[in-house]
Amino acid sequence: MITNPDSTFPKAPMVLMAAQHARELATAEIATRFAERLVQNPDGDPDIEWLLDHRRIHVIAQQNPDGRRQVELGDAWWRKNHNATHCPSTNPGVDLNRNSSFLFGPPSSSGDPCSDVFRGPVEVSEPETQAIEAYLAQVLPDHRPIEDLGTPVPDNADGLFVSLHSFGELVLIPWEGLGGQNENNVPNHDALTILGRRMAWHTDYEVSRWFSLGPANGTAVDYAYGRLGVAAYTFEVGTTFQQSCSSFENTVWPDNRDALLLAAKAARRPYLEPAGPAVDALRADLVDGRVAVSGWADDTRYFRGGSPEPPAADPVADVVELRVSLGAPPDAAATVEVIPLPAMGQAALRGFDVMLPDGIVPPANGRVFVQAVDAEGRAGLPTMARLPLFQDGFES
């Protein structure tokens, strides 16, 4: 778990899991680098600084270690774990992403032990599956105490789960195991799709369900949403199982890094805040002792690819208001300054440069948060900038 243990703020959880399938090498590297980035913050990213105070981020970089060992020993296409009880002479193992307790069974998995999508003899038969389900149940909230395929989770529910796979350049939402018709949508379908499109803005990945890759029964993502009600996604990263170093460094890693940082922001209210405007290029300054903020508010940052996944329209509207808080994000701050923005016609993307009122004392920690609100009343994810202060609170 990655967090600031000294922070007393409530902390929404996010779990990032990689490498359920042994041959999908880029996924473990992305998860490991993401953890390193959070811990080291090499670029001094203000958002990482505050996320560690307000989030608990769990990174499982290798969910299939014995399968990965087979790849490293030379079997580059090994997919399953290495349970040699099943099909020992040809293709041993169980597909861990068909072995979960939710929607386990046919039709979108196999009972043939030699199949690459062999689901195992019974649900949760594998120690890897037992471990991950127990861990998710321990660290993620339970918003769905009774298994129910029809009732939506409350909009204000927290928690987020991302399972990294490769390849296909896709962001997949549940249900992966209820394929067959377009009306088989999860109860929180539209909210999950909207956050998916927000994350895909960084990756240019297609956002949809089973029909982009094919359905799959007994997946970890369906378990996280179906059993716990937590917003859950599969990222199919990159363009091959063994990505070249150049494409990984130049595209796969940076694009998914930014999408995962957005996911960490969204973990507090994944079904609500992603539908509001993003704040970018934020700068905070002191001008004659007053706090000034400038940047861009953007309500257009959605990408769907060629998917027919509903909803047909993204929640785009004019940006009409800023909420500025000092010291902590708006949900945790004692005071939030609301700053109306003048009408500018079609202004779903707009710059701002505003000054807070006289008498507002700059925060000792130098943190200034801005959240944008659109004309439909949707407040987006907050972004942080740091005032130019020394650690003792004096202006630099």
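# Questions about a folded chain

Q: What share of the accessible surface of the chain belongs to carbon and sulfur atoms?
A: The accessible surface of the chain comes to about 15700 Å². Keep in mind that this is a predicted model. Of that surface, the part belonging to carbon and sulfur atoms is 51%.

Q: What radius of gyration does the chain have, set against that of a compact globule?
A: Start with the chain's 396 residues: a compact globule with that many would have a radius of gyration near 21 Å. The chain agrees with that, because its own value is 22 Å.

Q: What does the C-alpha trace span along its principal axes?
A: Picture the trace of the chain laid out along its principal axes. Its spans there are about 75 × 45 × 40 Å.

Q: How many helices and strands are there in the chain?
A: You'll meet a few of them below: helix 5 covers residues 189-203, and strand 7 covers residues 278-287. The full tally for the chain is 7 helices and 13 strands.

Q: Among contacts between residues at least 6 apart in sequence, what share joins residues at least 24 apart?
A: Let's look at the inside of the chain, where 57% of the 396 residues count as buried. Now take the contacts between residues at least 6 apart in sequence. The share of these that join residues at least 24 apart is 75%.

Q: Is Arg197 buried or exposed?
A: Arg197 sits in helix 5. Leaving out residues up to four places away in sequence, it touches ten others by name, among them Tyr302, Phe303 and Pro311. Its relative accessible area is 0%, and buried means under 20%, so Arg197 is buried.

Q: Which residue's backbone oxygen lies 2.7 Å from a polar atom of the side chain of Arg197?
A: The residues that Arg197 touches include Glu309, Pro310 and Asp314. The backbone oxygen 2.7 Å from a polar atom of the Arg197 side chain belongs to Glu309.

Q: Which residue's backbone nitrogen lies 3.0 Å from a polar atom of the side chain of Ser110?
A: Ser110 lies in the loop between helix 3 (65-72) and helix 4 (127-139). It counts as buried because its relative accessible area is 17%, under the 20% cut-off. The backbone nitrogen 3.0 Å from a polar atom of its side chain belongs to Asp112.

Q: Which residue does a cis peptide bond join to Pro174?
A: Most peptide bonds are trans. The bond after Pro174 is cis, with omega about -5 degrees. Its partner lies in the loop between strand 4 (170-172) and helix 5, and that partner is Trp175.

Q: What is omega for the peptide bond from Pro310 to Pro311?
A: Pro311 lies in the loop between strand 8 (290-298) and strand 9 (319-326). The bond from Pro310 to Pro311 is cis, and its omega is near 0 degrees.

Q: What is phi of Asp288, roughly?
A: Most residues other than glycine have a negative phi. Asp288, in the loop between strand 7 and strand 8, counts as exposed because its relative accessibility is 78%, over the 50% cut-off. Asp288 is not a glycine, yet its phi is positive, about 55 degrees.

Key:
Residues are numbered from 1 along each chain as its sequence is written. This is a predicted model: local features need pLDDT of at least 70, side-chain atom pairs count only at pLDDT 80 or more; totals for chains, interfaces and linings use all residues. Side-chain values use heavy atoms; hydrogens and water are left out. Helices (H or I, at least four residues) and strands (E, at least two) are DSSP runs, numbered from the N terminus. The radius of gyration is taken over C-alpha atoms; the globule rule is 2.2 Å times the number of residues to the power 0.38. Buried means under 20% relative accessible area, exposed over 50%, partly exposed in between (1.4 Å probe, protein chains only). Contact means heavy atoms within 4.5 Å. Accessible areas come from the Shrake-Rupley method with a 1.4 Å probe; for residues, only the protein chains shown count as cover. A polar contact is a pair of N or O atoms within 3.5 Å; within protein, one must be able to donate a hydrogen and the other to accept it, and residues adjacent in sequence count only if both atoms are side-chain atoms.
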